[in-house]
Amino acid sequence: MQERALQTQVAWACRILAMEGHADLTLGHISARGSADQVYIKRKGLGLNEVGLSDILTIDLDCNKLAGDGEMHLEAVLHTEVYRHRPDVSAVVHTHPAYATALSATSERLQFVNHDAVLFRDGVGIYSGSADLIMDAENAQAVARALGQRRAVLMCNHGILVGDKTVPWVVYAALTLERAARVQAIAKTFGDLRPIPQETTKHISANKYRDEFTEEYWLYLIREARRRGIAAGMPDEE
């Protein structure tokens, strides 16, 4: 994709994540990998719901700022080390949604309680190295290793990190992880969990998780952001 198109997607992703419960003051960030391993990432100092196109920085994989106004997030290294570790990943989200963060603070693991959890049928990684901010390459590499070849990792007592092949996919995965954690928490209040059998998850995954559906959801989420009046300052193009 062209640079401006990717930056626009990152800005929309911030608004959508805020709309869907991932806002946490000025914390949380999303990035996309461009050509020549340039990374487009939300700047520090703004809430996810405030981010516009002019608030997207361009950095390299060594966390050097190449373009844009404003400071980098202290945890920008989380993004760059995942990109180093996973050539197939082109977008990364790190946020602190309530249910998935609560799940990260327990010995529980995500189970196939509903279709949402099936998106993570390869499992969700666990990073338990430190509950502190991840500001150095060594700890960021440990998070990337905990992610492995999966879509998501729970950062214990901290939040989530999700990596995927496009911005629409990574946003959908982050939203779906939080919903899966929420449904599991609700289900446990009714009694013992009765997960979907592993064999059945293969069919659900093949039928439900397709690129064309994710694009459809992305366009819906943009329309919903406009309906809720939280798209001020965003470009007309989607």
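**View 1. Asn157 sits out in the open in this predicted model.** With a relative accessible area of 51%, Asn157 counts as exposed, because the cut-off for that class is over 50%. You'll find Asn157 in the loop between β7 and β8. Have a look at its backbone too: phi of Asn157 is near 60°, which is a positive value in a residue other than glycine.

**View 2. Cys156 shares that loop, but is buried.** The loop in question runs between β7 (152-155) and β8 (159-164). Cys156 has a relative accessible area of 14%, and anything under 20% is called buried, so that is the label Cys156 gets. Which residues touch Cys156, once neighbours within four places in sequence are left aside? They are Ser104, Ile126, Tyr127, Ser128 and Ala131. If you zoom out to Glu224, 68 residues apart from Cys156 along the chain, the two C-alpha atoms are separated by 32 Å.

**View 3. Cys63 has a positive phi as well.** Here the angle is near 65°, again in a residue that isn't glycine. Cys63 belongs to the loop between β3 (56-59) and β4 (65-67).

**View 4. His79 is buried in helix α2.** The helix covers residues 76-85. His79 comes out at 0% relative accessibility, so it counts as buried. What surrounds it, apart from neighbours within four places in sequence? Two other histidines, His29 and His94, are in contact with His79, along with Ile30, Ser31, Ile41 and Val92.

**View 5. Helices α6 and α8 cross at an angle of about 80°.** The pair to look at is α6 (residues 167-190) and α8 (residues 211-227), packed with their axes 9 Å apart. Angles from 65 to 115 degrees count as roughly perpendicular, so α6 and α8 fall in that class. On the α6 side, the contact is made by Val167, Pro168, Trp169, Val171, Tyr172 and Leu175. From α8, the residues that meet them are Asp211, Thr214, Glu215, Tyr217, Trp218 and Leu221. Sorted by class, the residues of this contact are 9 nonpolar, 1 polar and 2 charged.

**View 6. The largest pocket holds about 410 Å³ of space.** Its lining is made up of 16 residues, and the closest to the pocket centre are Glu20, Leu175, Thr176, Arg179 and Arg182. Which helix supplies the largest share of the lining? That's α6, with 6 residues. At least two lining residues each come from α1 (3-22), α3 (98-104), α6 and α8. By class, the lining has 7 nonpolar, 7 charged and 2 polar residues. Leu175 is worth picking out: this α6 residue is also part of the contact with α8.

**View 7. Lys188 is a partly exposed residue of helix α6.** Its relative accessibility is 41%, so Lys188 counts as partly exposed. Leaving aside neighbours within four places in sequence, Lys188 is in contact with Glu108 and Leu193. For a wider view, bring in Ile230: Lys188 and Ile230 are 42 residues apart in sequence and 34 Å apart in space, C-alpha to C-alpha.

How values were computed:
Residues are numbered from 1 along each chain as its sequence is written. This is a predicted model: local features need pLDDT of at least 70, side-chain atom pairs count only at pLDDT 80 or more; totals for chains, interfaces and linings use all residues. Side-chain values use heavy atoms; hydrogens and water are left out. Axes are lines fitted to C-alpha atoms, for helices over the stretch in contact, and angles run from 0 to 180 degrees between N-to-C directions. Helices (H or I, at least four residues) and strands (E, at least two) are DSSP runs, numbered from the N terminus. Angles under 35 degrees count as roughly parallel, over 145 as roughly antiparallel, 65 to 115 as roughly perpendicular and the rest as oblique. Contact means heavy atoms within 4.5 Å. Ala, Val, Leu, Ile, Met, Phe, Trp, Tyr, Cys and Pro count as nonpolar, Asp, Glu, Lys and Arg as charged, and the others, Gly among them, as polar. On a 1 Å grid over the protein atoms alone, a cavity is a set of points where a 1.4 Å probe fits but cannot get out, and a pocket is an open set with protein on both sides within 12 Å along at least five of seven lines; lining residues have an atom within 4 Å of a point. Grid points are joined across faces, edges and corners, and a volume is the space filled by probe spheres set on the points. Buried means under 20% relative accessible area, exposed over 50%, partly exposed in between (1.4 Å probe, protein chains only).
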